[in-house]
Amino acid sequence: MERNQMRRQLALIRQSFFDQGFLDEQFIQLEELQDDANPNFVEEVVTLYYRDSSRLILNIDQALERNPLDFNKLDNYMHQFKGSSTSIGAKKVKAECTQFREYCKAGNSEGCMRTFQQLKKEYAILKRKLEAYFQQARQAGPLETACRSRN
Amino acid sequence: MLKSQTGMEDGFLSSVGAEDSKMLEPPTKITALVVDDDTINQMIHHRLLDNLGIRNQVVRNGKEAIDVHCSGKNFDLILMDMEMPVMNGIEATRKLRAMGIQSMIAGVSTNTRERENFMEAGLDDYQEKPLTTSKLVSILHKVHKDG
């Protein structure tokens, strides 16, 4: 596929992430930190996010198997999870985190479990989308990924 | 007290929307310490500071922040997370102030409930996470106004 076409397509895909609510303004903040000296910054941060949060997910899954649930512990895990998700602009994941914490405060086990399943879904969907996006970005060649130019 | 020596940095600073840029020292002379247990925030805050030409170091919790000062290092700006293992931001801020550290300490957190306690521990500023370039610039303005 011709480069310009790839880049146009990439820009459309990127815009859809915002339009469909997968990502928010924070992602743009990360893009603005990317430059010639740090050309893969966004991908590096996202990769780190998925690496670190996979451990958290495991911990939460295990904690959800306990009976009764330790809502305090769960809330602590989710506080961390929400923090990192916010930092990369993962809007839908962040919303599920908030919901989960509401259920923890209310001591609602079923709510927690249901929300966590939803959270994992959103988390996986975003991961697939971003992986595909970064791969396509690499194929399209060095590119100003943010719509706004820095200079 | 810190004034710009040349007009060089004005262009840079106005590009990040800084007003009153003549009052600021060339960015490369400011040093900062990032205190945060979250690896993603460490990476982002480190890069945000780098991007503004601010040399910085990253530590993982309040105790490491104390240790680095005990080793003789000093920083113009400390970005202090609140919730951290081993020693949290409130305790670390108190200890640093008790040690006589007068650096600008900006609390960076998501925990609005503890904000007052955090401020009382000795913060000069408080910003909600996640940090952005513009939040950082507003912190830096405070560094020079109080200087």
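Modeller: A salt bridge is taken here as a side-chain nitrogen of Lys or Arg within 4 Å of a carboxyl oxygen of Asp or Glu. The model under discussion is a predicted one.

Biologist: Which residue of chain A forms a salt bridge with B:Arg47?

Modeller: Between chain B and chain A the count is 1 salt bridge. On the chain B side, the pair starts from B:Arg47 in helix 2, and it ends in the loop between helix 2 (25-32) and helix 3 (41-63) of chain A. The closest N and O atoms are 2.9 Å apart, within the 4 Å limit, so the pair qualifies. The partner in chain A is A:Asp35.

Biologist: Is B:Arg47 buried or exposed?

Modeller: The limit for a buried residue is under 20% relative accessible area. A:Asp35, at 23% relative accessibility, is above that limit and therefore counts as partly exposed. B:Arg47 has a relative accessibility of 5%, so the class of B:Arg47 is buried.

Biologist: Over which ring does the charged end of B:Arg47 sit?

Modeller: The salt bridge with A:Asp35 is one contact of the B:Arg47 side chain. The charged end of B:Arg47 also sits over a ring of chain A, 6.0 Å from the ring centre. That ring belongs to A:Phe41.

Biologist: What area is buried between chain B and chain A?

Modeller: The size of an interface is often given as the accessible area lost when the parts come together. In this model, 15 residues of chain B are in contact with 19 residues of chain A. Carbon and sulfur atoms give 62% of the buried area, whose total is about 1500 Å².

Biologist: Which residues of chain B lose the most area to chain A?

Modeller: The contact involves 15 residues of chain B. Three of the residues together account for 41% of what the chain B side buries. These are B:Ile40, B:Met43 and B:Arg47.

Biologist: Which element gives the largest share of the side of chain B that touches chain A?

Modeller: Across the interface there are 5 residue pairs in polar contact, both residues being at pLDDT 80 or more. The element asked for contributes 8 residues to the side of chain B that touches chain A, and it is helix 2 (residues 39-51) of chain B.

Biologist: Where is B:Gly53 placed in chain B?

Modeller: B:Gly53 has a relative accessibility of 24% and so counts as partly exposed. Its C-alpha atom is separated by 16 Å from that of B:Leu131, which is 78 residues away along the chain. The place of B:Gly53 is the loop between helix 2 and strand 2 (55-59).

Biologist: How many helices are there in chain A?

Modeller: The C-alpha trace of chain A spans about 55 × 25 × 20 Å along its principal axes, and 46% of its 151 residues count as buried. Among contacts between residues at least 6 apart in sequence, 68% join residues at least 24 apart. The elements run α-α-α-α-α-α from the N terminus on. With 0 strands in chain A, the number of helices is 6.

Biologist: How far apart in sequence are the parts that the pair of A:Arg101 and A:Asp75 ties together?

Modeller: The side chains of A:Arg101 and A:Asp75 meet in a salt bridge, 2.8 Å from N to O. A:Arg101 counts as buried at 16% relative accessibility, as does A:Asp75 at 14%. A:Arg101 lies in helix 5 (residues 91-106) and A:Asp75 in helix 4 (residues 71-88) of chain A, so the pair ties together parts whose separation in sequence is 26 residues.

Biologist: With which residue does B:Glu64 form a salt bridge?

Modeller: B:Glu64 counts as partly exposed, at 22% relative accessibility. The partner is exposed, with a relative accessible area of 52%. The closest N and O atoms of the pair are 2.7 Å apart, and the partner is B:Arg60.

Biologist: Why is the pair of B:Phe118 and B:Tyr126 classed as it is?

Modeller: The count of aromatic pairs over all chains comes to 9. In the pair of B:Phe118 and B:Tyr126, the ring centres are 6.3 Å apart and the planes lie at 85°. Planes over 60 degrees apart meet the angular condition, so the pair is edge-to-face.

Key: Residues are numbered from 1 along each chain as its sequence is written. Chains are lettered from A and ligands numbered from 1 in the order in which they are written. This is a predicted model: local features need pLDDT of at least 70, side-chain atom pairs count only at pLDDT 80 or more; totals for chains, interfaces and linings use all residues. Side-chain values use heavy atoms; hydrogens and water are left out. Rings of Phe, Tyr and Trp (its six-membered ring) pair if their centres lie within 6.5 Å; planes under 30 degrees apart count as stacked, over 60 as edge-to-face and the rest as tilted. A charge sits over a ring if NZ of Lys or CZ of Arg is within 6 Å of the ring centre and within 35 degrees of the ring normal. Contact means heavy atoms within 4.5 Å. Buried area is the accessible area (1.4 Å probe) that two parts lose on being put together, summed over both. A polar contact is a pair of N or O atoms within 3.5 Å; within protein, one must be able to donate a hydrogen and the other to accept it, and residues adjacent in sequence count only if both atoms are side-chain atoms. Helices (H or I, at least four residues) and strands (E, at least two) are DSSP runs, numbered from the N terminus. Buried means under 20% relative accessible area, exposed over 50%, partly exposed in between (1.4 Å probe, protein chains only).
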